[in-house]
Amino acid sequence: LAVKASYQSLYATELLKFSQGESSLFLVNARENKLLEIDQKIVELRQKQYKAYYSLNWSAGRLL
């Protein structure tokens, strides 16, 4: 999640630079796309974590 905070910071900075005329919309979109990719990766990793957790508990006989 620290990585996400870093990308959010980069995105916010790029937006600020764009509002001051020192950046382009292409760079803002690139930062936003990377932030969305990170969000998607976090969701995928959490899904894998939950799946492994429940699989392990099912194998141990703690789930019916």
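Buried residues account for 12% of the 64 residues in the protein, which is a predicted model. The exposed surface of the protein comes to about 5400 Å², and carbon and sulfur atoms supply 59% of that area.

The protein contains 2 helices and 0 strands. Its radius of gyration is 19 Å, well over the 11 Å given by the globule rule for 64 residues, so the protein is more spread out than a compact globule. Along the principal axes, the C-alpha atoms fill a box of roughly 60 × 15 × 10 Å.

Helix α1 covers residues 2-19. From its first C-alpha to its last, α1 reaches 26 Å with 18 residues; this span is close to the 26 Å expected at 1.5 Å a residue. Gly-21 follows α1 and has a positive phi, near 85°. Helix α2 comprises residues 25-59.

Contacts between residues distant in sequence were examined at two positions, Glu-14 and Ile-42. Glu-14 lies in α1. Its relative accessibility is 6%, below the 20% limit, and Glu-14 therefore counts as buried. With residues up to four places away in sequence not counted, Glu-14 touches Ser-23, Leu-27, Val-28 and Arg-31. For Arg-31, the side chain is also joined to that of Glu-14 by a polar contact of 3.3 Å.

Ile-42 is part of α2. Once neighbours within four places in sequence are left aside, Ile-42 is in contact with Leu-1 and Lys-4. Lys-4 and Ile-42 are 38 residues apart along the chain, and their C-alpha atoms are separated by 8.9 Å.

A search of the whole structure for aromatic pairs returned 1. This pair is formed by Tyr-53 and Tyr-54, with ring centres 5.0 Å apart. The ring planes stand at 80°, over the 60 degrees required, so the arrangement is edge-to-face. Both tyrosines fall in the partly exposed class: the relative accessible area of Tyr-53 is 48%, and Tyr-54 has a relative accessibility of 46%. These values lie between the 20% and 50% limits, and neither residue is therefore classed as buried or as exposed.

Note on methods: Residues numbered from 1 in each chain as written. Predicted model: local features only at pLDDT ≥ 70, side-chain atom pairs only at ≥ 80, totals over all residues. Heavy atoms only, no water. Helix = DSSP H or I, 4+ residues; strand = E, 2+ residues; numbered from the N terminus. Contact = heavy atoms within 4.5 Å. Phe/Tyr/Trp six-rings, centres within 6.5 Å; stacked < 30°, edge-to-face > 60°. Buried < 20%, exposed > 50% of the residue type's maximum accessible area, 1.4 Å probe, protein only. Polar contact = N/O pair within 3.5 Å; in protein donor to acceptor, adjacent residues only side chain to side chain. Expected span 1.5 Å × (residues − 1). Rg over C-alpha atoms; globule rule 2.2 N^0.38 Å. Areas by Shrake-Rupley, 256 points an atom, 1.4 Å probe, with all protein chains shown as cover.
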